[in-house]
Amino acid sequence: MRTPQVVVVMGVAGTGKTTIGPLLAARLGVPYAEGDDFHPPANIAKMSAGTPLDDADRWPWLDAIGHWAHGRAGLGGVVSSSALKRSYRDRLRAAAPGIVFVHLTGDRKLIEDRMGHRQGHFMPTALLDSQFATLQPLEPDEAGVAVDVSGSPEEITERAVQALTALPTASA
């Protein structure tokens with residue numbers, strides 16, 4: 001399978017971006033970059049304190065992810081990023097026009113349950129409501145697919161691979 005230049009695994013906190021991203025990258029044979037690693041320390045401190053980020057906080061983070069994605073143009077890669085708003089995805093596309101999004105979607109109760117069981121992550125479950133309030137799902141003119149997060153990580157990854165294969169920009 002030929003992968004798009006870069007796949008951005010997106011969705012609200014707790015959908016499994018950090019789990020599915022590396023699995024998807026392995027299936028596609030490309031490197032994975034953890035979106036959280038692009039956050040400056042001030043952003044992590046703010047989220048750890050239970051304070052949602054605002055757009056001013058997100059722009060440098062998105063620019064750093066976009067820079068990485070641009071550097072992977074023609075080579076492929078998978079990176080995680082919540083990319084909750086259309087304007088955030090537009091900013092990523094401005095830096096790396098060929099990117100494709102995999103939007104991990106799911107029932108709020110399932111996502112909250114998964115967040116409650118993960119260990120060592122800075123994002124508290126209390127911020128989930130703000131994530132859902134901010135979320136603007138992919139629009140028809142955006143290159144990407146929505147993938148349900150029910151089931152095992154392997155099942156979710158398989159659904160993502162199949163959905164990507166069906167996109168005009170990817171071929172088997």
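These legends accompany several close-up views of the structure. The model is predicted, so local features are reported at pLDDT of at least 70 and side-chain atom pairs at pLDDT 80 or more, while totals for chains, interfaces and linings use all residues. Residues are numbered from 1 along each chain as its sequence is written, and side-chain values use heavy atoms, leaving out hydrogens and water.

**View 1. The aromatic pair of Trp 59 and Tyr 88.** A search of the whole structure finds 1 aromatic pair (Phe, Tyr or Trp rings, the last by its six-membered ring, with centres within 6.5 Å; planes under 30 degrees apart are stacked, over 60 edge-to-face, the rest tilted). Trp 59 and Tyr 88 meet edge-to-face, at 5.6 Å centre to centre and 85° between the planes. Trp 59 lies in helix α3 and Tyr 88 in helix α4, so the pair ties together parts that are 29 residues apart in sequence. Helices are DSSP runs of H or I with at least four residues, strands are runs of E with at least two, and both are numbered from the N terminus. Tyr 88 is buried at 0% relative accessibility, whereas Trp 59 is partly exposed at 24%. Here buried means under 20% relative accessible area, exposed over 50%, and partly exposed in between (1.4 Å probe, protein chains only).

**View 2. Salt bridges involving helix α4.** Arg 91 and Asp 63 join their side chains in a salt bridge at 2.6 Å, N to O (a Lys or Arg side-chain nitrogen within 4 Å of an Asp or Glu carboxyl oxygen). Arg 91 belongs to helix α4 and Asp 63 to helix α3, so this pair ties together parts 28 residues apart in sequence. Arg 93 also forms a salt bridge, with Asp 90, their closest N and O atoms being 2.5 Å apart. These two residues, 3 apart in helix α4, are separated by about one helical turn. Arg 93 is buried at 18%, while Asp 90 is partly exposed at 35%.

**View 3. Leu 24 in the largest nonpolar core.** This core has 40 residues, and Leu 24, Val 102 and Leu 164 have the most contacts inside it. A nonpolar core is a set of buried Ala, Val, Leu, Ile, Met, Phe, Trp, Tyr and Cys residues joined through side-chain atoms within 4.5 Å. Beyond residues up to four places away in sequence, Leu 24 touches several residues, including Val 7, Val 78, Val 102 and Leu 164 (contact means heavy atoms within 4.5 Å).
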